[in-house]
Amino acid sequence: IFESCFITFPEIDHLANVMKQDSNMVIRLEGHTDIDGPKRMNKTLSKKRVRQVKLYLMNRGIAKNRIKLKWYGEKKPLIKKGTIEQRRINRRVEVRILKT
C-alpha cells in the first residue's frame, strides 16, 4: 500500500489506520528536500520533516518503535532541472514498509 509514496496529512491518517490494523507493521519515513540551499540545512530540514510525521503518527496511537527514520537532504531528488515550482516535488517524506 505505502511501499513508497509522497505523504500528505490524509495519507498519514490512512497510514495510521492501516498500522493499527496490522500491529506488526514497521515503517521507515524517509525525508527529502529540494536541491537548493546549503547541504547541512537541507539535511536538518529533511530530519525535521520525518520527525514531525513520526510525532503525528505517535499522536494517533502508533508506537514509536514501529517508526524508523532516515533523512537524505537533497541527495535523492526526483528532478534536478526545472522551475522552483516543478522542483517542489523533491520536498517530500516517503514511506517504506519494512515489516508486516
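This briefing walks through the charged contacts, a surface patch and a few long-range contacts of the structure above. The model is a predicted one. A search of the whole structure finds 9 salt bridges, and several of them are worth a look in the viewer. Among the residues to pick out are Arg 60 with its partner Asp 13, and Arg 87, which forms a salt bridge with Asp 36.

**Arg 60 and Asp 13**

- Start with the salt bridge between Arg 60 and Asp 13, where the closest N and O atoms are 3.0 Å apart.
- Arg 60 sits in the loop between helix H2 (39–59) and E2, while Asp 13 belongs to helix H1 (residues 9–21), so this pair ties together parts that lie 47 residues apart in sequence.
- Arg 60 is partly exposed, its relative accessible area being 30%.
- Asp 13 is likewise partly exposed, with a relative accessible area of 30%.

**Arg 87 and its two aspartates**

- Next, turn to Arg 87, whose side chain meets that of Asp 34 in a salt bridge (3.6 Å, N to O).
- This pair links distant parts of the chain, with Asp 34 in the loop between strand E1 (26–32) and H2 and Arg 87 in helix H3 (residues 84–87), 53 residues apart.
- Asp 34 and Arg 87 are both buried.
- Arg 87 also forms a salt bridge with Asp 36, and here the closest N and O atoms are 2.5 Å apart.
- Asp 36, too, is found in the loop between E1 and H2, so to speak across the chain from Arg 87 in helix H3, with their positions 51 residues apart in sequence.- Why does Arg 87 count as buried? Its relative accessible area is 11%, and the cut-off for buried is under 20%.
- Asp 36, in contrast, counts as partly exposed, at 38% relative accessibility.

**A salt-bridge network and Glu 94**

- Arg 28, Glu 30, Arg 92, Glu 94 and Arg 96 are joined into one network by salt bridges that share partners.
- One member of this network, Glu 94, is placed in strand E3 (residues 92–99).
- Glu 94 counts as buried because its relative accessibility is 7%, the cut-off being under 20%.
- The side chains of Glu 94 and Arg 92 are also joined by a polar contact of 2.8 Å.

**A positive surface patch**

- Which residues form the positive surface patch? They are Lys 39, Lys 43, Lys 70, Lys 75 and Lys 76.
- Within this patch, Lys 70 lies in strand E2 (residues 67–71).
- Lys 70 is partly exposed, with 36% relative accessible area.

**Long-range contacts of the strands**

- Ile 97 has its place in strand E3 and counts as partly exposed, at 26% relative accessibility.
- The C-alpha atoms of Ile 97 and Leu 29 are separated by 8.9 Å, although these residues are 68 residues apart along the chain.
- Val 26 is found in strand E1, and it is buried, with a relative accessible area of 15%.
- From C-alpha to C-alpha, Val 26 and Ala 63 are 9.7 Å apart in space, and 37 residues apart in sequence.

Key. Residues numbered from 1 in each chain as written. Predicted model: local features only at pLDDT ≥ 70, side-chain atom pairs only at ≥ 80, totals over all residues. Heavy atoms only, no water. Patch = residues over 30% accessible without salt bridge, like charges linked within 9 Å, V, L, I, M, F, W, Y side chains within 5 Å. Areas by Shrake-Rupley, 256 points an atom, 1.4 Å probe, with all protein chains shown as cover. Salt bridge = Lys/Arg side-chain N within 4 Å of Asp/Glu carboxyl O. Lys, Arg positive; Asp, Glu negative; His and termini not counted. Charge placed at Lys NZ, Arg CZ, Asp CG, Glu CD. Helix = DSSP H or I, 4+ residues; strand = E, 2+ residues; numbered from the N terminus. Buried < 20%, exposed > 50% of the residue type's maximum accessible area, 1.4 Å probe, protein only. Polar contact = N/O pair within 3.5 Å; in protein donor to acceptor, adjacent residues only side chain to side chain.
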